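Thanks for sharing this one. Here are a few notes to read alongside the coordinates, in the order I would look through them.

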Amino acid sequence: MSRARKQAVGEQFDLFLPYIADLNFRDQREMMERPFFSLAKSKRIKPIDYNSPDGKLWVHVSANPDYGMATIWDADILIYCASMLADMARRGQNDIPRKLHIMPYDLLRAIGRPTTGRAYELLGQALDRLVSTTIKTNIRAENRREATFSWLDGWTQLVDERTERSKGMTLELSNWFYEGVLMKGGVLAIDRAYFSISGGRERWLYKVARKHAGGAGGGGFAISMPVLFEKSGAEGAYRRFKFELLKLAEKNALPGYELVVEQSARGEPLLRMLRNDAKGEGLTVSAEDIAEGRSAFEQLAGNAMAGEGATTEQAEKVSSRKPPEPVKPPRDEEEVLVDARSLIKSTVAGLSDAATRGFMTDDTIELLRRECPGWDLYNLHAEFEAWVNASAERSPVNWQKAFIGWVKRHHEKHRHELRG
């Protein structure tokens, strides 16, 4: 994939999309539900392979080795484009274009990014990833077995032919994305506060909560950690993923949503997401959202009640057998919120330490590389696990602290063996 072309334009060139300060942001519905993007800021080359629990839908995302996979931060550009398209449709505009003319300054301001020289450079890199990442899926493949596309078919820098000054850029949207935004019910409103979320997994979790819990009623939406892991497309071990989500539930900082950890009969925790408009800038949940949430619950409940025909994901989603319905009077609602916060603290306290067993957290790795440099920490961790398992009396209450202490003692005893 190539860098953007520079195209000279005349003085009368009219930029199609002015900056709209009060733009209502929209995200494409299907992109919020399936794993289409890398959740890491580091370069990802490993593909994403996802199959829905019922085996009907699949997604394969592959990265260009030169640019890496498009990230969930790069997807902010697509949210901006989807919002523009949705706004045009709302205003009844005919012939909505698939090639958008935008000003980078307006785009960066709209999605909460700085407008420094470095920011423009990073924008170019993000656009390259959106062009070079390849998606294959049977979602909306119509009569074909699969659809293959990139998020952008291309992008071009526009330069005034007389002054050679920039006059913005054009972004050519893929047909799959363009049609998905403009189809009926193709987009959902998102909170402007979304753009201030810094973590990749936290951003992704907001999308899941908005998609599934936004119109689910007072009962919210519950899903098991293993199913969430599969839906995320995240790299790394499930144990690490669960630990990070438990920490996000403890933090409970998603705009517009409460996160509650619940135990399930299967042993793995469930994460329940409940709408709380007091935490966000405020979104209107439409009648369509509510109807969709109730319809989805009834379908899942019917499949789960059918016994062998129910999938793991479906069974977990309806494990509580609580249909989405409006909350009861304010007094009960307050009690529910208080109970939710208490449950988070009590449940996470018991699960977090157990969830950190058997691997090193990023904080542990960073500390040990700083204080005990020169060692292969993964080999030392394997030795530590063998040491712990050799005696029933060695059961660390806090795995990370125990491992850090073990490595420090090892370093003090054997650092003379390291090569200078």
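1. A starting point. Please keep in mind that this is a predicted model. I would begin at glycine 218, which counts as partly exposed because its relative accessibility is 26%. Glycine 218 belongs to the loop that runs between α6 (200-213) and β11 (221-224). Along the chain, 56 residues separate glycine 218 from leucine 274, yet their C-alpha atoms are 6.9 Å apart.

2. The sheet. Following that loop into β11 brings you to an open sheet of three strands, ordered β11-β13-β12 and paired antiparallel. Its edge strands are β11 and β12 (257-262), each of which pairs on one side only. From one strand to the next, the twist averages 25 degrees. Strand β13 (residues 270-275) runs antiparallel to β11, and four bridges join the two. Within this pairing, isoleucine 223 of the sheet stands opposite leucine 271 in β13.

3. Helices on the sheet. Two helices deserve a look here. Helix α6 packs on the sheet and touches β11, β12 and β13; the direction of α6 makes about 65 degrees with that of β13. Helix α7 (residues 225-232) also packs on the sheet, where it touches β11 and β13. The angle between the directions of α7 and β11 is about 85 degrees.

4. How enclosed is α7 by the rest of the structure? Six of its eight residues are buried, so α7 is largely enclosed. The buried residues of α7 are Met225, Val227, Leu228, Phe229, Lys231 and Ser232; you may like to pause at the lysine in that list. Just after α7 comes glycine 233, with a positive phi of about 70 degrees.

5. Backbone points to check. Most residues other than glycine have a negative phi. Against that background, two residues are worth a second look. Arginine 140 has a positive phi, near 55 degrees, and lies in the loop between β6 (134-137) and β7 (147-149). Asparagine 252, likewise not a glycine, has a positive phi of about 50 degrees and is found in the loop between α8 (238-251) and β12. Which of these sites is buried, with a relative accessible area of 14%? That is asparagine 252, which counts as buried because its value falls under 20%. Arginine 140, at 22% relative accessibility, counts as partly exposed.

6. Charges over rings. Arginine 140 comes up again here: its charged end sits over the ring of tryptophan 176, at 4.1 Å from the ring centre. Arginine 203 lies over the face of tyrosine 194, with 4.7 Å to the ring centre. Tyrosine 194 also belongs to a cluster in which ring pairs link Phe25, Tyr194, Phe195, Tyr206 and Tyr257.

7. Aromatic pairs. The structure holds 17 of them. One to open in your viewer is phenylalanine 384 with tryptophan 399: the ring centres are 5.2 Å apart and the planes are at 80 degrees, so the pair is edge-to-face. Phenylalanine 384 lies in helix α13 (residues 377-389) and tryptophan 399 in helix α14 (residues 399-414), so the pair ties together parts 15 residues apart in sequence. Phenylalanine 384 counts as buried, at 1% relative accessibility, and tryptophan 399 is buried with a relative accessible area of 3%.

How values were computed:
Residues are numbered from 1 along each chain as its sequence is written. This is a predicted model: local features need pLDDT of at least 70, side-chain atom pairs count only at pLDDT 80 or more; totals for chains, interfaces and linings use all residues. Side-chain values use heavy atoms; hydrogens and water are left out. Buried means under 20% relative accessible area, exposed over 50%, partly exposed in between (1.4 Å probe, protein chains only). Two strands pair if DSSP finds at least two bridges between them. Axes are lines fitted to C-alpha atoms, for helices over the stretch in contact, and angles run from 0 to 180 degrees between N-to-C directions. Contact means heavy atoms within 4.5 Å. Rings of Phe, Tyr and Trp (its six-membered ring) pair if their centres lie within 6.5 Å; planes under 30 degrees apart count as stacked, over 60 as edge-to-face and the rest as tilted. A charge sits over a ring if NZ of Lys or CZ of Arg is within 6 Å of the ring centre and within 35 degrees of the ring normal.
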